[in-house]
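Here's a protein model to walk through together. Take a moment to turn it around before reading on.

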Amino acid sequence: MVNGEASGPALDTDQPLSWRLPPYQPAVLMLMVCAIAALNIYGHPSETVRALTLVLGAALLGAAVLALRMYLGVDADGVLVRYLARPVWLPWSDVARVEVVSAVRGSDTVRLVRHDGTYVDVPPSLLQPATPTSKPRALARLNSVAHQLEARRARRVARRSGLM
């Protein structure tokens, strides 16, 4: 699997799939923290600038740590969506369907709909391409992820009902 895209055999088995933020994004935040620290150590800024940069540095460091925690994991038992602060576990028996939706935090993403109508949206930053990509290609990637998840869900439901 490369960047969350499964190869052919992974689609036919129950090998776990996972999607994370590209590693360079938290790394860039950490580099910005280092630049702020260097400014404060070697630049001798005024007290106001020092206070502002320390607050900004702490915020960037917190964002980097939280970004490293974001995760989408899929296995034979269900789906784990770990947001910045809290994880959401959905066993396959709770998932009614998987769909691609628009306008979630300003972007397209995958939505896992429960049988009772409630839903869990996967953070768009986990599934959107990290490099500039045309909208049709990005949407095709989301549709591919949604089809992988739906295939896993359907296979699990078929096993439970004894059809496989």
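What follows is a tour from the overall layout down to single pairs of side chains.

A quick word on ground rules: this is a predicted model, where local features need pLDDT of at least 70 and side-chain atom pairs count only at pLDDT 80 or more, while totals for chains, interfaces and linings use all residues. Residues are numbered from 1 along each chain as its sequence is written, and side-chain values use heavy atoms, with hydrogens and water left out.

Let's start with the big picture. The protein has five helices and seven strands; these are DSSP runs, helices being H or I with at least four residues and strands E with at least two, numbered from the N terminus. Follow the chain along its sequence and you'll meet them in the pattern α-β-α-α-β-β-β-β-β-β-α-α. Of the 164 residues, 35% are buried. Here "buried" means under 20% relative accessible area, "exposed" means over 50%, and "partly exposed" is in between (1.4 Å probe, protein chains only). The accessible surface comes to about 9400 Å², and carbon and sulfur atoms own 62% of that; the areas come from the Shrake-Rupley method with a 1.4 Å probe, and for residues only the protein chains shown count as cover.

Now for the strands. Strands of a sheet pair through backbone hydrogen bonds, either parallel or antiparallel. Two strands are said to pair here if DSSP finds at least two bridges between them. Look for S1 (residues 17-20) and S2 (residues 71-74), which run antiparallel and are joined by four bridges. Trp-19 has Leu-72 as its bridge partner in S2. Which way do the side chains of S1 point? They alternate: Leu-17 and Trp-19 are buried on one face, while Ser-18 and Arg-20 point to the other face and are not buried.

You can find that zigzag again in S4 (residues 87-91), where Val-88 and Leu-90 go to one face and are buried, whereas Pro-87, Trp-89 and Pro-91 go to the other and are not. In a regular strand the side chains alternate between the two faces of the sheet. The partner of S4 is S3 (residues 78-82), running antiparallel to S4 with five bridges between them. A hairpin of four residues connects S3 to S4, and Gly-78 sits opposite Pro-91.

Next comes an open sheet of three strands, ordered S5-S6-S7 with antiparallel pairing. At its edges are S5 (95-104) and S7, each pairing on one side only. From one strand to the next, the twist averages 25°. S5 and S6 share seven bridges in the antiparallel sense, with Val-95 opposite Arg-114 in S6. Helix H5 packs on this sheet, touching S5 and S6, and its direction makes about 165° with that of S5. (Axes are lines fitted to C-alpha atoms, for helices over the stretch in contact, and angles run from 0 to 180 degrees between N-to-C directions.)

Zoom in on H5 (residues 135-160) and you'll find Arg-153 there. Is Arg-153 buried or exposed? Arg-153 is buried, because its relative accessible area is 14%. Leaving aside residues up to four places away in sequence, Arg-153 touches Trp-92, Val-95, Ala-96 and Arg-97, a contact being heavy atoms within 4.5 Å.

Now some charged pairs. Side chains of opposite charge can pair when their charged atoms come close. The rule for a salt bridge is a side-chain nitrogen of Lys or Arg within 4 Å of a carboxyl oxygen of Asp or Glu, and the count comes to five. One of them joins Asp-77 and Arg-156, at 3.8 Å from N to O. Asp-77 is in the loop between S2 and S3 and Arg-156 is in H5, so this pair ties together parts 79 residues apart in sequence. Another joins Lys-135 and Asp-108, with the closest N and O atoms 3.9 Å apart. This pair links H5, home of Lys-135, to S6 (residues 107-114), home of Asp-108, across 27 residues. Lys-135 counts as exposed because its relative accessibility is 58%, whereas Asp-108 is buried at 9%. Arg-111 and Asp-121 also meet in a salt bridge, at 2.6 Å from N to O, and both residues are buried.
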